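Reader: I'm new to this one, so could you take me through a single part of it up close? Pick one strand and tell me who its neighbours are.

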Amino acid sequence: MDTALLAPLQPDVQRLLDEHAHRALLRLAVVGSVDDGKSTLIGRLLYECDGLFEDQISAVRKASQKRAAAARTEALAQGLKAAAGGGEEELDFSLFTDGLRAEREQGITIDVAYRYLSTARRKIIIADTPGHLQYTRNMATGASTADAGVILVDARLGVLPQTRRHAYIASLLGIPYLAVAVNKMDLVGYERATFERIGSELADFARTLGFEGVRLFPVSASRGDNITRPSAHTPWHEGGTLLSWLESLPHQRRLDGAPFRFPVQYVIRPHQDYRGLAGQVASGTVRVGDEVQVLPSGRRTRVEAIDTFDGPRAEASATESVTLRLSDNVDASRGDLLAHVDQLPLTLQHLDAMLVWFGEQPLDATRRYLVKQGTRTTPAQVERVLWRKELEDLSEAPAETLALNDIGRVRLVCRRPLLCDAYQENRRTGAFIVIDALTHDTVGAGMVLGPAESASRTGTSLVSRAEREQRLGQAGAIVLLPATPEAAGRAFALERRLFDLGRVVATVAGDVEVALALSRAGLVALVHAAAPQLRRALREEALEARAKWWELDDAETLEQWVEHLTSEAGT
């Protein structure tokens with residue numbers, strides 16, 4: 001085609017693209033119990049807002065005709081003439097979102113389906129989440145990034161336990177706005193009393209969960225009542241349509257104004273003159289020249305440059321993927337986090353969290369799991385389950401474990417501290433997943449509440465490190481001896497000499513956790529006979545725990561060791 005013919009259209013195309021780019025984005029999760037009509041409602045919304053391609057509509061129309069023909073054949077075989085009658089063919093709107101073969105065959109949603117919709121006022125990303133109890137974990141995944149939620153209730157069945165579970169999970173995940181859509185109103189004759197009874201029951205339940213706004217809509221997803229256009233069947237409803245509510249919601253909760261958080265994903269070093277830290281800005285804004293702190297090392301530096309695929313930038317905000325170059329050649333790698341020096345995150349090794357359990361096997365407090373938060377993965381253990389949420393009355397029941405789809409509060413101990421924020425303050429850095437260390441299956445999704453509430457209740461020592469140092473007259477430290485038989489043989493001689501000089505010393509045979517515990521208690525731990533991998537782990541753990549530590553040189557004599565540790569090290 002001649003490009004000259006397209007030239008007059010380019011300004012209009014560019015204008016449309018600019019308008020589209022500046023429309024506010026809303027992430028929407030549609031939840032509810034099985035067969036409440038979630039996929040049908042989304043399909044209807046997409047169809048009436050021109051969010052589908054012609055080939056999609058054609059394919060669904062053919063599939064709908066096949067289903068209708070099969071239903072008529074079955075009805076004739078059973079002698080049901082009324083059901084076998086003709087009439088206008090109707091689209092099965094659920095087929096626009098049910099993409100898996102198993103979903104189409106069973107008529108249920110199994111996995112999360114994401115669909116895109118654009119109106120004159122905003123862009124909407126819709127997550128169609130499954131309603132089956134078996135797939136509650138998929139529902140939690142789909143709702144984890146949503147800015148608003150629509151919960152459907154079958155007008156014939158009313159509020160079900162699974163409906164309550166989904167509403168509670170939505171509130172737990174921080175969704176502020178909720179629409180209660182009482183669906184299939186056409187099957188109950190559009191009775192106002194039925195709508196008000198069901199809507200009020202679920203709305204009252206939802207308000208106890210802390211949603212900022214709850215709206216009620218009587219809808220029929222298959223007929224299109226009150227979805228994009230007001231329905232003549234419900235003249236008593238004055239709450240408008242579902243689409244108008246979506247367009248009226250405040251702009252998506254952006255993280256631009258939150259504290260700056262930058263989890264390092266990868267270190268880019270194509271040559272010796274370039275070293276950049278690549279990742280996505282989780283929250284906040286960073287500018288060239290800002291003073292930042294690298295955690296957990298605590299090193300301070302400044303942002304020298306912000307590089308992107310499109311070239312250098314003066315600043316970068318939340319959700320943008322960039323590469324930061326720092327003024328100083330500080331040690332930082334995947335799992336570290338950059339933050340402004342005056343707005344540091346929490347550094348938690350012992351924390352309380354809400355946990356949604358996904359695993360087929362119940363939570364085992366005697367086992368170790370892996371916790372992945374941001375770009376950091378660390379071994380962790382559930383110290384105990386504080387309580388399990390009973391969704392019928394929202395009571396907190398005592399529990400020793402969590403089974404599939406249970407929700408509870410747990411006390412977690414991580415081997416390495418998490419660099420995080422409370423989930424209610426920052427969803428990006430306050431969320432984590434729990435991984436089975438043996439199977440590598442994701443078995444739980446967690447939300448950080450904060451530090452463990454009470455040291456006396458958790459068994460944490462009530463004596464601070466400063467108090468121990470004052471009482472002992474020394475600071476705790478870790479001394480890593482050379483990995484040679486000769487050095488290991490001199491460990492006890494070094495222990496004797498330091499003890500005679502008034503130091504409180506203990507010798508450890510390569511146990512990382514024992515060495516860290518001793519240093520926290522104010523003792524000097526002499527570590528010997530450590531395998532190479534344990535020595536590396538010890539260095540990393542000591543650095544992240546901010547423990548004092550020194551590594552001795554095998555070429556030095558015992559006297560030199562003693563002098564070094566008592567003078568320069570100050571132990």
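Author: Let's go straight to V294, whose bridge partner is L338 in strand β16. That bridge belongs to a pairing of β11 with β16 (residues 337–340), which is antiparallel and has four bridges. Pairing here means that DSSP finds at least two bridges between two strands, and a strand is a DSSP run of E with at least two residues, numbered from the N terminus.

A quick word on what you're looking at: this is a predicted model, where local features need pLDDT of at least 70 and side-chain atom pairs count only at pLDDT 80 or more, while totals for chains, interfaces and linings use all residues. Residues are numbered from 1 along each chain as its sequence is written, and side-chain values use heavy atoms, with hydrogens and water left out.

Back to the strand. β11 also has a partner in strand β12 (residues 299–308), again antiparallel and again with four bridges. Over there, E291 sits opposite R302 of β12. The two strands form a hairpin with three residues between them, and G298 has a positive phi near 85° in that hairpin.

So how covered up is β11 itself? Four of the five residues in β11 (residues 291–295) are buried, so the rest of the structure largely encloses this strand. Buried means under 20% relative accessible area, with a 1.4 Å probe and protein chains only. For the wider setting, 51% of the protein's 571 residues are buried.

Note on methods
Buried < 20%, exposed > 50% of the residue type's maximum accessible area, 1.4 Å probe, protein only.
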